[in-house]
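Dear colleague,

I am passing the structure on to you with this message, and my notes on what was found in it follow directly below. Please read them with the coordinates open beside you.

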Amino acid sequence: MKRISLTQHLIEEQRLNNTIPASLRLLIEVVSRACKTISHAVGKGALGEVLGSAGSENVQGEVQKKLDIICNDYLLQANEWGGHLAAMASEEMETIHPIPNRYPMGEYLLLFDPLDGSSNIDVNVSIGTIFSVLKAPEGMTTPTEIDFLQAGTRQVAAGYAIYGPQTMLVLTTGNGVQAFTLDREMGSWVMTTNNAQIPEETKEFAINASNARHWHPPVKRYIDELLAGSTGPRGKDFNMRWVASMVADVHRILTRGGVFMYPADAREPDKPGKLRLMYEANPMAFLVEQAGGAATDGRGRIMDIQPEKLHQRVPVFLGSRSEVERVTSYHRQD
Ligand code: AHG
Ligand code: MN
Ligand code: MN
């Protein structure tokens, strides 16, 4: 097998399509290097004393795990000094993190969910890191939260690392989706999928069914039809999978198709779903669209949403295009 490294891919992509200037390449390489460090820490588990709760809460009132904080620190430290960033924002930090004055300020903004799938850390199930890259607005001198509030269509890169049986990096810079597998002995990312495409035909769906009694009618209708199987209106049997790490559920869908849903529900009208627009929904929507799929909030395209708050939550329906279109059309008819 001819081995194409992440670096080679980034350089050739720039040469061919001019989509990855040197500072963006540095950014992606720095993030992917931090993900290697995280992968190593995750792999140590109890031996590295990284499991368990940190005994604190994040701005969203969620209990932080030790790894949530460790991974956040790794990403901050790795990205501070390179001169490629103006500021960072994270699911685990209340406010933005401007680059300290002692380092040069760059033109990009980096957002991340340092550790996705926190409930799976202590049970040795796949978890990940999700990131999204925006350009700082023209003329920005001191970054503020407002500079981050850009629609997903403005992302210049997005991706995730998944820490599973293999560690993989899945990336888009707006020209398809490439996946790299970490060669642990060599410490390098090797391309193992070029131009990933989500299969259109699917028989698999992902939703946390324990929330069924709270679902709104369009979601209930859609899931009831899937559950009715071959004798129902869909005329075929569906299978259900829910890892409870968005990274792992999206990775399965990028690999073999399917639809992933985290809807808003009737419990807390002021809390539109669980997932966060800037750290989870937008980067995953960018990847899924680049792989031929679709991503909506049940009504419109996720990447068209104009963010109002850094930690904003949003309902998510993503994956195989026809399924996402169907569940979205049920919302529009409602
Ligand atoms: P995080 O660990 O970053 O807080 O994200 C967890 C998210 C997402 O990864 C997953 O799809 C979902 O929460 C799982 O939710 P349930 O606990 O409702 O299954
Ligand atoms: Mn998450
Ligand atoms: Mn997280």
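Leaving aside its neighbours within four places in sequence, glutamine 155 touches Ser132, Val133, Leu134, Asn282, Pro283, Phe286 and Met303; please bear in mind here and below that the model is a predicted one. The residue lies in the loop that runs between helix H4 (145-148) and strand S7 (157-163), and with a relative accessibility of 7% glutamine 155 counts as buried, since the cut-off for that word is under 20%. Proline 263, by contrast, is not on that list of contacts: 108 residues along the chain from glutamine 155, its C-alpha atom is separated from that of glutamine 155 by 23 Å.

The metal sites may interest you most, and I take the manganese ion (ligand 2) before its partner. Its donors are Asp113 (OD), Asp116 (OD) and Glu280 (OE), at 1.9 to 2.1 Å, and in sequence these residues follow the spacing D-x2-D-x163-E. Distant parts of the chain are thereby linked, with aspartate 116 in strand S5 (residues 108-116) and glutamate 280 in helix H7 (residues 277-290), 164 residues apart. Are these two donors buried or exposed? Aspartate 116 is buried, because its relative accessible area is 5%, and glutamate 280 is buried as well, with a value of 2%.

The manganese ion (ligand 3) is coordinated by Glu91 (OE), Asp113 (OD) and Leu115 (O), at 2.2 to 2.3 Å, and the spacing of its donor residues in sequence reads E-x21-D-x1-L. Here the link is between glutamate 91, in the loop between strand S3 (85-90) and strand S4 (97-98), and leucine 115 in strand S5, 24 residues apart. Glutamate 91 is buried, with a relative accessible area of 3%, and leucine 115 is buried too, with one of 1%. Which residue do the two ions have in common? It is aspartate 113, which coordinates both the manganese ion (ligand 2) and the manganese ion (ligand 3), and the two ions are 3.8 Å apart.

Turning to the helices, helix H2 (residues 22-44) packs with helix H3 (residues 66-80) at an angle of about 150°, their axes being 9 Å apart. H2 is therefore roughly antiparallel to H3, a description that applies to angles over 145 degrees. To this contact H2 brings Leu27, Val30, Val31, Ala34, Thr37, Ile38, Ala41 and Val42, while H3 brings Leu67, Cys71, Tyr74, Leu75, Ala78 and Asn79. By character, the residues of the contact divide into 12 nonpolar, two polar and no charged. The crossing of H2 and H3 is right-handed.

Lastly, there is helix H6 (residues 246-256), in which nine of the 11 residues are buried, so the helix is largely enclosed by the rest of the structure. The buried residues are Met246, Val247, Ala248, Asp249, Val250, His251, Arg252, Ile253 and Leu254, a list that includes Asp249 and Arg252. Just after H6, glycine 257 takes a positive phi of about 85°.

With kind regards

How values were computed
Residues are numbered from 1 along each chain as its sequence is written. Chains are lettered from A and ligands numbered from 1 in the order in which they are written. This is a predicted model: local features need pLDDT of at least 70, side-chain atom pairs count only at pLDDT 80 or more; totals for chains, interfaces and linings use all residues. Side-chain values use heavy atoms; hydrogens and water are left out. Axes are lines fitted to C-alpha atoms, for helices over the stretch in contact, and angles run from 0 to 180 degrees between N-to-C directions. Helices (H or I, at least four residues) and strands (E, at least two) are DSSP runs, numbered from the N terminus. Angles under 35 degrees count as roughly parallel, over 145 as roughly antiparallel, 65 to 115 as roughly perpendicular and the rest as oblique. A crossing is left-handed if the near helix is turned anticlockwise from the far one by less than a right angle, and right-handed if clockwise. Contact means heavy atoms within 4.5 Å. Ala, Val, Leu, Ile, Met, Phe, Trp, Tyr, Cys and Pro count as nonpolar, Asp, Glu, Lys and Arg as charged, and the others, Gly among them, as polar. Donors are N, O and S atoms within 2.8 Å of the metal (3.2 Å for Na, K and Ca); water is not among the atoms, so sites may look incomplete. Buried means under 20% relative accessible area, exposed over 50%, partly exposed in between (1.4 Å probe, protein chains only).
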